[in-house]
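I opened my notebook to look at how the inside of this chain is packed. Here is what I looked up, entry by entry.

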Amino acid sequence: SLPFMAPEVFIAAEASPYRAANVDIWACGVILVEMLLGAHHLSRRLGWDRTERPSPKRHGELVQYFSDESAVRKLLRRRFGDDDMTDLEELLRGMFEVVPSERWSAQRVAESKWPIAS
């Protein structure tokens with residue numbers, strides 16, 4: 001489904017390809033969200049149905065959603081209420097960084113405090 005695609009995939013072209021490692025981190029973040037919040041959760045939050053196709057418009061929607069610093073907190077709060085989810089929020093924000101060069105690496109994800117500190 002579309003949310004598994006990192007924003008840069010929506011607008012990638014032969015002239016400007018994306019880095020697979022960065023895209024994989026994004027997809028892992030989506031898997032984690034779906035494990036915690038339920039299947040197709042991001043699609044529903046973005047208002048996307050199964051017929052949606054990659055496009056610059058979808059890219060813009062994804063970037064706009066995750067550019068909001070509180071987006072991940074809002075996702076988690078619906079499921080976990082006011083529980084302290086700081087470590088998980090930090091992890092997901094790093095995985096959903098819309099600027100590919102600033103997205104967390106696999107090493108940084110592995111070094112995350114969540115779930116160890118939780």
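Entry one. I started with Trp26, keeping in mind that the model is predicted. Trp26 has a relative accessible area of 0%, so Trp26 is buried.

Entry two. I looked for ring partners. The whole structure holds five aromatic pairs. In one of them, the ring centres of Trp26 and Phe66 are 5.3 Å apart and the planes meet at 80°, so I noted the pair as edge-to-face. Trp26 sits in helix H2 and Phe66 in helix H4, 40 residues apart. Phe66 is buried too, like Trp26.

Entry three. Trp26 also pairs with Phe96, again edge-to-face, at 4.9 Å centre to centre and 75° between the planes. Phe96 lies in the loop between H6 and H7, so this pair ties together parts that are 70 residues apart in sequence. I checked Phe96 as well: its relative accessibility is 2%, so Phe96 counts as buried. Ring pairs join Trp26, Tyr65, Phe66 and Phe96 into a cluster.

Entry four. Next I asked which helix gives the most to the largest nonpolar core. That core has 31 residues, and Phe66, Leu88, Leu92 and Phe96 have the most contacts inside it. H2 gives the most, with seven residues. I also followed Leu92, which touches Gly29, Leu32, Val33, Val72 and Leu76, leaving out residues up to four places away in sequence.

Entry five. I turned to H2 itself. H2 has 18 residues and spans 25 Å from its first C-alpha to its last, close to the 26 Å expected. Its buried residues include Asn22, Trp26 and Glu34. The cover over the buried residues of H2 includes H1, H3, H4, H5, H6 and H7. Just after H2, Gly38 takes a positive phi of about 110°.

Technical notes. Residues numbered from 1 in each chain as written. Predicted model: local features only at pLDDT ≥ 70, side-chain atom pairs only at ≥ 80, totals over all residues. Heavy atoms only, no water. Core = buried A, V, L, I, M, F, W, Y, C linked by side-chain atoms within 4.5 Å. Buried < 20%, exposed > 50% of the residue type's maximum accessible area, 1.4 Å probe, protein only. Helix = DSSP H or I, 4+ residues; strand = E, 2+ residues; numbered from the N terminus. Contact = heavy atoms within 4.5 Å. Expected span 1.5 Å × (residues − 1). Phe/Tyr/Trp six-rings, centres within 6.5 Å; stacked < 30°, edge-to-face > 60°.
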